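Got the viewer open? Let's take a short walk through this one, selecting a few pieces at a time.

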Amino acid sequence: MRIFGVDFTCAPRRAKPITVASGVLHKSRLNLEAIERLQTFTDFEHLLARAGPWVGGFDFPFSLPRDLVRDLGWPAEWPALVAHCAALSRQELRKALDDYRASRPIGSKYVHRATDYPAGSSSPMKLVNPPVALMFHEGAPRVLASGAHVPALSAGDEKRVALEAYPGLLVRRQLGIRESYKSDTRREHTPQRRAARRQIVEALKKGKPLGVRLVTAPRLERAMVAEGAADLLDAAICAVQAAWAAARPGYGIPASAPHGEGWIVSS
């Protein structure tokens with residue numbers, strides 16, 4: 001089974017591309033073979049169109065909290081919701097989320113999906129640090145348009161399976177590593193963060209925490225440890241999460257997952 005792990009950005013470019021880890025899953029062993037750097041959304045769309053069978057883990061929210069969707073009167077069904085949001089400009093989406101936040105009491109400005117609580121992930125409403133709402137706005141419409149199968153959200157080509165992944169879940173909740181391991185700011189590329197990346201890589205090589213053993217060439221392993229932004233490492237973690245899901249009935253998504261919200265695999 002071909003596995004992709006995708007570290008996404010809402011503004012791909014040479015300095016900050018979409019990073020893809022590609023490997024092959026055999027039983028509980030994930031052989032990481034290559035890292036790709038996608039500098040445009042067109043390149044990302046071509047990735048989604050690649051012939052299967054493959055399972056991909058994508059690091060961006062596939063949907064929005066159902067309370068938000070209900071309160072704004074947006075479509076509850078995922079394909080219609082994504083199409084509605086795709087028709088909004090980035091500025092219109094920002095205004096809708098800003099106005100909604102302003103209407104809510106202090107301490108409850110953001111609403112979350114059910115999966116965000118066990119995963120420890122940000123509300124998909126968030127517009128900064130990280131701008132996951134913009135990542136949804138750019139990523140989800142392209143996943144929908146690709147015709148891939150999106151479990152719990154949209155039936156599609158079952159040889160191309162798109163799943164929501166989140167590296168922070170594996171690192172903080174499942175490995176228990178609280179130290180920051182990455183930064184996009186070069187002056188913050190400290191020995192402590194490098195040591196944390198090494199700790200994460202060593203855990204993945206041993207099959208921790210999901211029972212999927214990551215195997216890769218020494219050059220890729222060195223790159224995952226050396227890169228201060230950790231885009232390579234995050235892509236590899238997404239691949240491990242996708243591999244975990246690929247081996248489970250229903251991709252490990254619980255039957256209790258709220259309709260239309262999506263689910264972060266392994267949460």
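Start with two phenylalanines: select F8 and F41, both of which are buried. Keep in mind that you are looking at a predicted model. Show the two rings as sticks, and you'll see a tilted aromatic pair, with 6.1 Å from centre to centre and 35 degrees between the planes. Now zoom out a bit and trace the chain between them. F8 sits in the loop between β1 and β2 (18-26), while F41 belongs to helix α1 (residues 41-49). The two are 33 residues apart, so to speak of distant parts of the chain being linked by this pair is fair.

Next, add F58 and F60. This aromatic pair is edge-to-face, at 6.2 Å centre to centre and with 65 degrees between the planes. Like the previous stop, it's an inside view: F58 and F60 are both buried.

Which residues make up the aromatic cluster here? Select F8, F41, F44, F58, F60 and F62 together, and you have the one cluster they form. Across the structure there are eight aromatic pairs. Before you leave, bring up R142: it lies over the face of F41, 4.0 Å from the ring centre.

F58 also leads to the next stop, strand β4 (residues 54-58). Is this strand enclosed or open to the outside? Five of its five residues are buried, so β4 is largely enclosed by the rest of the structure. Turn the strand to look at each side separately. In a regular strand, side chains alternate between the two faces of the sheet. Here W54, G56 and F58 are on one side, V55 and G57 are on the other, and all of them are buried, so that both faces of β4 are covered.

Now bring in the neighbouring strands. Strand β1 (residues 2-7) pairs with β4 in the parallel sense, over five bridges. To find your bearings along that pairing, look for F4, which stands opposite G56. Then show strand β6 (residues 157-164), which is also parallel to β4 and pairs with it over five bridges. The marker here is W54, with R160 of β6 opposite.

Last stop: helix α7 (residues 167-174). Colour P167, G168, L169, L170 and V171, which are the buried residues of this helix. What should you switch on to see what covers them? Among the elements to show are α5 (116-119), α8 (191-205) and α10 (231-246). Finally, step past the end of α7 to G176, where phi is positive, near 75 degrees.

Technical notes:
Residues are numbered from 1 along each chain as its sequence is written. This is a predicted model: local features need pLDDT of at least 70, side-chain atom pairs count only at pLDDT 80 or more; totals for chains, interfaces and linings use all residues. Side-chain values use heavy atoms; hydrogens and water are left out. Buried means under 20% relative accessible area, exposed over 50%, partly exposed in between (1.4 Å probe, protein chains only). Helices (H or I, at least four residues) and strands (E, at least two) are DSSP runs, numbered from the N terminus. Two strands pair if DSSP finds at least two bridges between them. Rings of Phe, Tyr and Trp (its six-membered ring) pair if their centres lie within 6.5 Å; planes under 30 degrees apart count as stacked, over 60 as edge-to-face and the rest as tilted. A charge sits over a ring if NZ of Lys or CZ of Arg is within 6 Å of the ring centre and within 35 degrees of the ring normal. Contact means heavy atoms within 4.5 Å.
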